[in-house]
Amino acid sequence: MQRRTFLIAAVTALSIGGPVLAADADYLSMPWDKVVEAAKGQSGVTFYTWWGEEFWRDAGKDFEARYGIPVRVIVGDRAANIGKVVAESSQAQGTIDVLHVGGVEVKSLLDAKALYGPLKGIIPDSDKLDPKLFAIQEGFAHKGYLVPVYRNQVGILYDPQKVPNPPQSWAEFTAWLDANPGQFAFNDPSKGGSGQAFVQTVLLNILGNPEKYAGDTEMDKAKVADWGQVWSWLNANESKFTITASNNDSIDRVNQGEVAMAAAWDDDTSIALAKGTLFKRAKLYIPSMGLPGGGDTLGIPANAPNKAAALLFISYLTEAETQKKLNAVLGSYLARTDVAGESALLPEEQRQKNGVAWLPGPYKKYYIEQFVSQVLQQ
Amino acid sequence: MTALALPRPAAGLPRLSLGVFLTALAAILLLLWTGVPLLMAVLWSLVDPDKPWSYPDFLPPSLSLAQWKYVFTYSSIGRAVATSFTIAPLATLLAFVLSLPTAYALGRYRFAGKETLKLLILLPIVMPGMVIALFLSRAFDMLGLSQSLFGLVLGHTLLGMPFMLRILATAFEAIPQDLIDAARNLGAGWPALVRRVLVPMVLPGLFAGAIFTFIASLEEFNLTFVIGTPTFETIPTVLFGYLGYHFVRTNAAVVSIILMVPSIVLLFIAERYLKTEYLSSAFGKL
């Protein structure tokens, strides 16, 4: 009988869910020196990420050397990290202090009300971090709950031996594609951001008028009524493209000589060059037809056990010197706008001139779904 | 004129029959199917970062252990191996103890709903791992089992039990009733029956179930990640990051080899042991 009562209680509690937050000191309204003081009294920082371990682990050691606060870096699977945060969101205290967040996960975290903040204005030098990324990440508005840690940009990776003069405008690109069928690769947009970036570029170059989507938080069906033209164009030209399985698969196809050009992230390209999985002569550029870029962020779960230490670690990661190291090790561009990185594959001038913003989240989600159903599954 | 006669094959030498040819062909294809990816993984794990392996090079232009050094430097693989090899044997033992009565009932008795129960047992294998992990984690949290070694052993046991249960049940089911009756007619009581008949007959099944449960535990990611990390890291929680969204071929090659080795060794042991035991069972060594 007791066992049965216990089981019923357990199942009922499971179904209730919802966040149960422990009472916490109000670090968001505390002077920064008090936050630092409180951080030094906390047991450590547990940081969940999904890549870049060589940088995060070294940064963790440097942080511990400076503040005496140990950092534990867990390199998990990107989706599993978010799954864990959401699974723990009903507990008074979770196990994660700082979370590395990619654009795809922003909506899940906001919907689950799983974040602590907003952090804009709390982290010192907030005003020196990319203001766009501090408000919107890959089309999803996060209202300053997520702190930019690096920027990245999609470009076109190419083999200069095969393509001495890569195309710039949309007209030049389509002419090149006609002359070199199968020699351009981009990944299935449901499997990675560089493919999403290319589909958006096709969409905006065919339809124009990117301003009409700006600021929308819900999809306006009237604004997507003409998107059928884009799917028709892609279907008609599908045989001229090589569609790959992931961001890195596209880079690999260039390395293997299967294609001459591919849509690729700048930091993925840097890592491939450093690891010996891409020939050293490879080049990356942002064509004048435009490609979107953005960046990734750091957040603190609402039930993080060591929030003061988490704030201090994020502050450390956004310091100018740490940002320069990040740029040197990972190749991702700095989130700070007041310091330049020396290891960027793409010059800042090209980023400013040809880099474009992502469409708002609901439109981005829609074009990914539509590409899969209207092009891949046709 | 003397007719030329082809020499006849010496008696006792095997002639190349279609069966032998097809077997050899299958063996070669199997070797290529499993051997080539393994060879490629080994080669990619040895690529020198300063001298990329690119088209048109057939082989890496230079070999280096830099990729191995990288994985061992920037992951907690050593600690994870120790944790995995602590949890897996404990989970296997617990799965055996918990499965034994149910497996015996499923194998030796007839009762209503038996087939449905057999199907239900397989549910944890059929459902997506993360879905199970998310729901189980809530129960584990409430019971205070998250972030504990006992909780992880219990979780791995639950996920490994379908293998142990089904295989053990089949092993019990396969024991001929005649053997049990004969043992009883010869005066064997329950202890002798268990020791001389049941245990030797189910031993191959038990061994197979143990191997599957052990490997399932070694490769379990989702539940361990949700309820075990950051306190405990196992081989998959440390290594799956290298195989996911930011897949880098060289690191992934190193990781794949590390993940593959324990499974291959265990399967070879199982294959060798199972063959012997099945033969002894089949040919009446009992």
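Select domain 1 and domain 2 of chain A and place a marker at the centre of each: over C-alpha atoms, 29 Å separate the two. The bounds, which come from an automatic or database domain assignment, are 22–151 + 295–346 for domain 1 and 153–293 + 351–376 for domain 2. This is a predicted model, in which local features need pLDDT of at least 70, side-chain atom pairs count only at pLDDT 80 or more, and totals for chains, interfaces and linings use all residues. To find your way, note that residues are numbered from 1 along each chain as its sequence is written, and that chains are lettered from A and ligands numbered from 1 in the order in which they are written.

Now colour the contact between these two domains. Domain 1 of chain A puts in 13 residues and domain 2 of chain A 18, where contact means C-beta atoms, placed from the backbone, within 7 Å. On the domain 1 side, 6 residues are nonpolar, 4 polar and 3 charged. Here Ala, Val, Leu, Ile, Met, Phe, Trp, Tyr, Cys and Pro count as nonpolar, Asp, Glu, Lys and Arg as charged, and the others, Gly among them, as polar.

Zoom out to the whole of chain A. Its C-alpha trace spans about 70 × 50 × 35 Å along the principal axes. Switch to cartoon and you have 14 helices and 13 strands to explore; helices (H or I, at least four residues) and strands (E, at least two) are DSSP runs, numbered from the N terminus. Of the 378 residues, 49% count as buried, that is, with 20 or more other C-beta atoms within 10 Å of their own, these atoms being placed from the backbone (exposed is 12 or fewer, partly exposed in between).

Next, select strand β9 of chain A, residues 261–265. Is this strand covered or not, and how many of its residues are buried? It is mostly covered, with 5 of its 5 residues buried. Show the side chains: Met261(A), Ala263(A) and Trp265(A) point one way, while Ala262(A) and Ala264(A) point the other way.

Add the strands that pair with β9(A); pairing takes at least two bridges found by DSSP. Strand β6 of chain A (residues 147–158) runs antiparallel to β9(A), joined by 5 bridges, and Gly155(A) stands opposite Ala264(A). Strand β7 of chain A (residues 184–187) pairs with β9(A) in the parallel sense over 2 bridges, with Ala185(A) as the bridge partner of Ala262(A).

Ala262(A) leads to the next stop, the largest nonpolar core. A nonpolar core is a set of buried Ala, Val, Leu, Ile, Met, Phe, Trp, Tyr and Cys residues joined through C-beta atoms within 7 Å. This one has 155 residues, and those with the most contacts inside it are Leu157(A), Ala262(A), Leu311(A), Phe313(A) and Leu168(B). Helix α7 of chain B (residues 149–173) gives the most to this core, with 13 residues. Centre on Leu311(A): beyond its neighbours within four places in sequence, it is in contact with Tyr27(A), Val35(A), Ala39(A), Ile122(A) and Ile123(A).

Finish where the chains meet. The contact takes 35 residues from chain B and 36 residues from chain A. On the chain B side, α6(B) gives the most, with 7 residues, and the classes there are 18 nonpolar, 11 polar and 6 charged.
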